[in-house]
Structures are given as C-alpha cells and as structure tokens.
Amino acid sequence: MKTKRLLCSAAAIILTLSGCGNKALTKEESLTVYAMDTVMELKACGDEDAAKAALRAAEREILRLDALFRRDSEDSDIYKINHGTAQASADTAEIVRRAAEISASTDGAFDVTIAPVMDLWGFYGGNFRVPTDSEIVAALERVGYKNISVGGEAVTLSGGAQLDLGGIAKGFASEKIMKIFVENGISSALVSLGGNVRALGTKPNGEKWRIAVQNPDGGAYIGYLDISDLAVITSGGYQRCFERDGVVYHHIIDPATGYPADSGVKSVTVIGSDGTLADGLSTALFVMGLDKGTEYWRTHDGFDVIFVTNENEIYVTEGAADIFESDSHYEILDKT
Ligand code: AMP
Ligand code: MG
C-alpha cells in the first residue's frame with residue numbers, strides 16, 4: 001500500500017515581513033534554531049551585543065526545554081515521567097500543571113495524555129498507519145488528564161497515562177524566551193517557533209509587528225495581524241498529516257474518538273498574551289470546531305480566535321477583528 005506524504009508542513013510565518021525598522025543604533029539580530037521537531041526563527045532588536053547575547057541565551061533555553069520535554073530520549077523528564085519516575089524539573093512540573101489545567105478547562109478537548117493514541121497513528125517517527133478500531137479503544141482507555149497529579153516538582157501518572165507536550169510546548173517555550181530577552185535588556189523582539197509566533201513589545205520605532213495568518217490551503221495569506229506583546233498560535237490539520245487510500249489523516253486527535261478531529265475547521269488561530277494558554281487552546285478549539293469553540297471563547301477570557309472552516313469561511317472574534325486586516329470576507333463573532 002502506498003503512503004503519500006502530503007504537503008503537510010507547519011506555517012512558515014515569514015518574519016521578514018516584519019523587520020525591526022530603521023532607527024539609529026538599533027540593530028536587528030536573528031537566529032534560526034532547529035528544535036522540538038521544527039524550525040524556529042528568532043529576531044531581537046536593540047544594542048548589537050545585547051541582541052546577540054539574548055539570542056544565544058534563548059537558543060540555550062530552547063535546547064534545554066527540548067531536552068526536558070521530548071518523549072523519545074531516555075534522559076528527558078517526560079520519558080522518565082511516562083515510565084514511572086515522578087521527580088521532574090521545575091519547568092516540567094510547571095508545563096504539566098498548565099497542560100492539566102487547560103485539559104480540565106476544555107473538558108478534555110485538549111488532553112495532554114493523548115500520547116498512546118499519537119503512538120498508534122505513527123505521528124512519532126513518521127511511521128504512519130491507520131490503527132484498527134480495537135487498537136484505538138484500547139489506547140483511549142489510557143487517555144485521561146484526570147490521571148495526572150502534580151505535587152511540587154513531582155509528576156505522577158496513573159491508569160497507563162503518558163504525556164505528550166506537542167500541543168503546548170512551543171507556546172510555553174515562547175514565554176520562556178520572552179523572559180530571557182527581557183533579562184538580557186531586549187524590549188523589542190519577534191519569534192516564530194514553527195509558526196507559533198510571540199512578539200515582545202513593538203518594533204523599536206513604535207510600530208506593531210505585522211504577522212501573516214496562513215491560508216490553510218497554502219498560497220496567499222488570509223490576512224495580517226498587527227500585534228505587540230502577544231502570541232499568535234495556529235493549529236491546522238495541514239501542518240502534519242498523511243494520506244492513505246485517499247483519506248487524509250492529520251495530527252490533531254479528538255480525545256473523544258481517538259481519530260483526527262473532524263470538527264469542520266481547517267485551522268484555528270489563537271491570539272493572547274499567554275503563549276502557553278494560546279497554544280493549548282489552539283489545539284483544543286481545533287478539536288471543538290466553530291460552534292463549541294465560539295461558546296468556549298464566550299465563556300472564557302484572555303484570548304481571541306480566528307477560525308477558518310472547511311468551506312473557507314473566516315470567523316474572527318471581536319478582539320481579534322480590531323487588529324486583523326484582510327482582503328477576504330470575514331464574519332465577526334461577538335461575546336453575546
Ligand atoms: P498543535 O499544533 O499545537 O495543535 O499541537 C498538535 C500536537 O499536539 C500533536 O502533534 C500532538 O503531539 C498533540 N496533540 C494532538 N491532539 C491533541 C489533543 N487533543 N490534546 C492535546 N495534545 C494533542
Ligand atoms: Mg497547540
């Protein structure tokens with residue numbers, strides 16, 4: 001049987017769209033890092049030495065977090081937790097705590113214990129396959145965020161649960177990078193961690209950073225967001241997928257079924273000041289789809305959303321509409 005690799009790749013958000021701008025004594029330094037299975041682009045503006053030092057420190061931080069969070073290395077915290085060792089680093093305990101909170105808040109649409117199902121589909125290592133129904137039922141028995149307990153820096157799993165931080169790690173890392181930039185005297189920066197964008201401040205000249213929102217079908221962007229101090233994080237079925245017998249299977253799993261979420265959306269972009277939350281919610285709202293996702297947004301604060309449906313309709317929540325510019329038609333969602 002032939003398995004075709006589609007053009008399934010994370011959004012190449014083009015940071016060059018948004019440079020530091022021209023201002024005397026302001027340098028723009030940039031760095032590309034490969035970590036967390038993706039290409040990361042970091043840009044820092046300011047004094048040249050400070051910006052270079054900040055980027056080097058950010059790279060070290062990304063590699064440190066990647067080493068803690070990856071599932072496939074016996075030395076990682078997540079591997080150890082998944083295999084019964086409770087003691088973890090402070091950062092691991094913190095991200096697992098946040099992930100468990102988001103899992104609970106979204107009633108398990110985001111479920112950080114999705115690992116056994118992800119393994120079945122072969123999304124680790126790229127050995128894609130379509131599991132049998134009975135395999136999925138057995139794996140789902142081990143999925144449940146309620147089986148996580150975090151006490152201090154000890155993370156304990158029960159019921160055969162295993163963690164997969166793939167839906168939240170990049171958002172978490174982007175927040176850590178912002179802290180490091182600030183500690184290094186940088187107040188103007190933009191990073192894209194495999195399309196997960198986080199801006200620090202504005203450009204040095206006071207203008208906002210302009211971020212392109214990718215068209216899930218490829219080609220032209222659906223529009224632009226002008227942001228400062230915000231994360232912009234997109235989940236899309238197109239980002240990682242494979243085709244088997246004419247059916248496309250993607251990497252965002254509905255924990256209620258064990259199959260790729262089929263909620264009627266092609267992509268969900270979450271905008272908010274907390275990158276960790278925005279990342280978890282981008283995955284969760286993709287699983288929920290437009291109606292449930294809008295309801296969730298109406299009853300929770302701290303973020304805005306752009307939905308692109310399977311019919312290519314664009315829905316933008318009112319806070320996002322204020323900073324969204326597009327030539328396409330879009331509907332604005334209000335809070336009531
Ligand atoms: P994202 O691109 O942020 O939506 O994250 C997708 C990644 O999160 C997948 O590659 C998996 O590692 C993981 N994942 C898939 N489905 C879920 C889910 N329902 N809840 C939590 N994590 C998930
Ligand atoms: Mg996510």
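This passage walks through a ligand site, a metal site, one helix and one strand residue of the structure above.

The model is predicted, so local features are described only at pLDDT of at least 70 and side-chain atom pairs only at pLDDT 80 or more, while totals for chains, interfaces and linings use all residues. Residues are numbered from 1 along each chain as its sequence is written, chains are lettered from A and ligands numbered from 1 in the order in which they are written, and side-chain values use heavy atoms, leaving out hydrogens and water.

A good place to start is ligand 1. It is surrounded by 17 residues (a heavy atom within 4 Å), and the closest are Asp111, Asp164, Ser235, Ile253 and Thr283. Polar contacts are pairs of N or O atoms within 3.5 Å; within protein, one must be able to donate a hydrogen and the other to accept it, and residues adjacent in sequence count only if both atoms are side-chain atoms. An oxygen atom of ligand 1 lies 2.7 Å from an N or O atom in the side chain of Asp164, and an oxygen atom of the ligand is 3.0 Å from a polar backbone atom of Gly167. The protein covers 94% of the 500 Å² of accessible area that ligand 1 has on its own (Shrake-Rupley method, 1.4 Å probe).

Gly167 also appears at the magnesium ion (ligand 2), where the protein donors are Gly167 (O), Asp279 (O), Asp279 (OD) and Thr283 (OG1), at 2.1 to 2.5 Å. Donors here are N, O and S atoms within 2.8 Å of the metal (3.2 Å for Na, K and Ca); water is not among the atoms, so sites may look incomplete. Gly167 sits in the loop between strand S4 (154-157) and H6, and Asp279 in helix H7 (residues 275-299), so the pair ties together parts 112 residues apart in sequence. Helices (H or I, at least four residues) and strands (E, at least two) are DSSP runs, numbered from the N terminus. Gly167 is buried, at 16% relative accessible area, and Asp279 is buried at 5%; buried means under 20%, exposed over 50% and partly exposed in between, with a 1.4 Å probe and protein chains only.

Helix H1 (residues 48-69) has buried residues that include Ala51, Leu55 and Phe69. Its buried residues pack against several elements, among them strand S1 (27-35) and helix H6 (169-183).

Finally, Thr234 lies in strand S9 (residues 231-236) and is buried at 10% relative accessibility. The side chains of Thr234 and Thr269 make a polar contact (2.8 Å).

Technical notes:
Contact means heavy atoms within 4.5 Å.
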